[in-house]
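Hi,

Here is the structure I said I would pass on to you. Have a look at it first, then read my notes below.

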Amino acid sequence: MRWSKPATPTTPVTPWPPHPPPGETELERAVRLEEEKEARRKSDVIDREIELERVEQRKHKNCTRVLLLGQAESGKSTMLKNFQLYFAPGAFHAEADAWRAVIHLNLVRSVNFILDLLPGGPSSLLFEASHPRHFSDKPLVDGGYLRHFRMRLSPLRQVELILVQRLSADDPSRAAANVEEAIPWYYGRASEVSIRGGSGWKALLRRKRNATQVGARPDDLDKARQILHACRQDIAELWEHADVQRGLEAEDVVLRDQSGFFLDEALRVASADYEPTPQDILRARLQTIGVEQHTISVERFGQPSHRWLFYDVGGAKGQRASWVPFFDDVDAILFLCPMSAFNEVLLEDRRMNRLLDSFNLWKTICMSRLLKGTTFILLLNKSDILQSKLEAGSYKDGPNDPDHVSEYLKRKFVAMCKHNSARERQLHVHVTCATDAIVVNNLRSSDYI
Ligand SMILES: Nc1nc2c(ncn2[C@@H]2O[C@H](COP(=O)(O)OP(=O)(O)OP(=O)(O)O)[C@@H](O)[C@H]2O)c(=O)[nH]1
Ligand SMILES: [Mg+2]
């Protein structure tokens, strides 16, 4: 029962709290008073909820709400970073410290991945009998170099552990579970880095760092940086070693096209005074688990004015059911399709081609009745990787021309949208490279953003 006044004074109403009934016993009175107290408490809770809702709605008035959708590794979180870089560069740069740990973890995982692939590693694959054993005058396997690298780079296992623990919650067992829980390992790529819990990890990292700065104990992040610094020459040498390069090539492992690739810049990234650049942050890979809500307050003349509310979702198959509750609460959907994935399969379902999966997803989203009036912005992403793949001759059945492929995809997506939408909708299509820091500026030249 709500605690409220009558709508008009003339309307006959039951008084509340009701008058005590005649002949009420002590016990009945105590029960009645308790019930009235409980009713008031419930009424107060409801009032508070209504007020909160009103405050939220008021906040949203000056706020554009965008839902980022697309399969895993399509570039959703990268686009979000780019929006932050464009609209709130101050906030973006303030988070650089936290991203350094992710970038270091990306780098260390790539090195450990290569070491694991080499003979004697747990997933030894390179230099099997079918391949020549060495390509350089300093053979990696036969010349004792591998032993040298293994020994010199063994502290990187500890660095990996420290970074995983620091990027996750305090509980190390949870840290271990967080990593790779969604994606099975397979030999063609380094394992994923995933942290559950939205952007909380950045705050956690900051808090822990501040706590150690007042002198409680030496910071293990600094220790990890020192180890990395000491290993950086060996990392660069291992990566550049002709045997490693040719071995990976023979196994069709193209690390350069993979997420979180920093081996080409190992000397810079692993140096003790390394500060991540915006470009590094855009290229850092951190898998999203669940749905994260991010608010970007536009920094204009130092004053926040307009706000963006982004919902960034995990794109892997097992994550998609959690998208639906956000469908009816957004002004626009930003859907990303990685064009370069035409010859790849989903990590979580290796029978499914990634481009086909994007088509299926797009169709489902266009058909959704909850989204029938929503504006769609389609980003045909990873144009740079598409181009390098085509230059390498990967697209054998047609002209190796990126414009031809993007035009074809654009026509296909537009037709699917028309065919599957319940009514006509606004659809804007762009070819993008989400790691390019000017991408939002380019989108802004179309007047709807
Ligand atoms: N070269 C290149 N890399 C890109 C591009 N877009 C994203 N990436 C990289 O691809 C990786 C995956 O991008 P994310 O933004 O993490 O992908 P996501 O869609 O958020 O993936 P989930 O969180 O798993 O759903 C990151 O390392 C990005 O830096 C692009 O256009 N070109
Ligand atoms: Mg993501």
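Let's begin with one residue, Arg147, which you will find in helix 5 (residues 145-153). Is Arg147 buried or exposed? Count the C-beta neighbours inside 10 Å and you get 12, so Arg147 counts as exposed, since the cut-off for that label is 12 or fewer. You can also look from Arg147 across to Gly120: these two are 27 residues apart along the chain, and 9.6 Å separates their C-alpha atoms. Keep in mind throughout that this is a predicted model.

Now zoom out. The protein has 449 residues, and 33% of them count as buried. In terms of secondary structure, there are 16 helices and 8 strands. How much of the contact pattern joins residues at least 24 apart? Take the contacts between residues at least 6 apart in sequence, and 76% of them do.

Next, the strands. Strand 1 (residues 63-69) runs parallel to strand 6, and 4 bridges join the two. If you want a spot to check, Val66 stands opposite Ala332 of strand 6.

Strand 6 (residues 332-338) also runs parallel to strand 7, this time with 7 bridges. Two places to look at are Leu334, whose bridge partner in strand 7 is Ile377, and Leu336, which stands opposite Leu379 in strand 7. Between these strands the chain passes through helix 13 (residues 354-367), and strand 6, helix 13 and strand 7 make a right-handed β-α-β unit.

From strand 7 you can carry on to strand 8 (residues 427-431): 5 bridges join them, and they run parallel too. Ile377 turns up again here, with His428 as its bridge partner in strand 8.

How many residues of strand 7 are buried? Strand 7 (residues 375-381) has 6 of its 7 residues buried, so you can call it mostly covered. Strand 6 is mostly covered as well, with 6 of its 7 residues buried. While you have the strands on screen, remember that side chains in a regular strand alternate between the two faces of the sheet.

Two loop residues are worth a click. Glu73 sits in the loop between strand 1 and helix 2, and its phi is near 65°, a positive value in a residue other than glycine. Glu73 has 25 other C-beta atoms within 10 Å, so it is buried. Lys382 is in the loop between strand 7 and helix 14. The phi of Lys382 is near 60°, again positive in a residue other than glycine. With 26 other C-beta atoms within 10 Å, Lys382 is buried because the cut-off is 20 or more.

Finally, ligand 1. Which residues come nearest to it? Of the 25 residues around ligand 1, those are Gly75, Ser77, Arg285, Thr288 and Gly315. Sorted by class, the shell holds 6 nonpolar, 13 polar and 6 charged residues. Helix 2 (76-87), helix 12 (278-283), strand 3 (287-289) and helix 14 (383-391) each supply at least two residues of that shell, and helix 2 gives the most, with 3.

Where does ligand 1 lie relative to the domains? Domain 2 (64-92 + 290-444) and domain 3 (95-283) both give residues to the shell, so ligand 1 lies between them.

Have fun exploring!

Definitions and conventions
Residues numbered from 1 in each chain as written. Chains lettered and ligands numbered in written order. Predicted model: local features only at pLDDT ≥ 70, side-chain atom pairs only at ≥ 80, totals over all residues. Near = placed C-beta within 6 Å. Helix = DSSP H or I, 4+ residues; strand = E, 2+ residues; numbered from the N terminus. Nonpolar A, V, L, I, M, F, W, Y, C, P; charged D, E, K, R; others polar. Domains from an automatic or database assignment. Pairing = 2+ DSSP bridges. Right-handed = clockwise from strand over helix to strand, strands pointing away. Contact = placed C-beta atoms within 7 Å.
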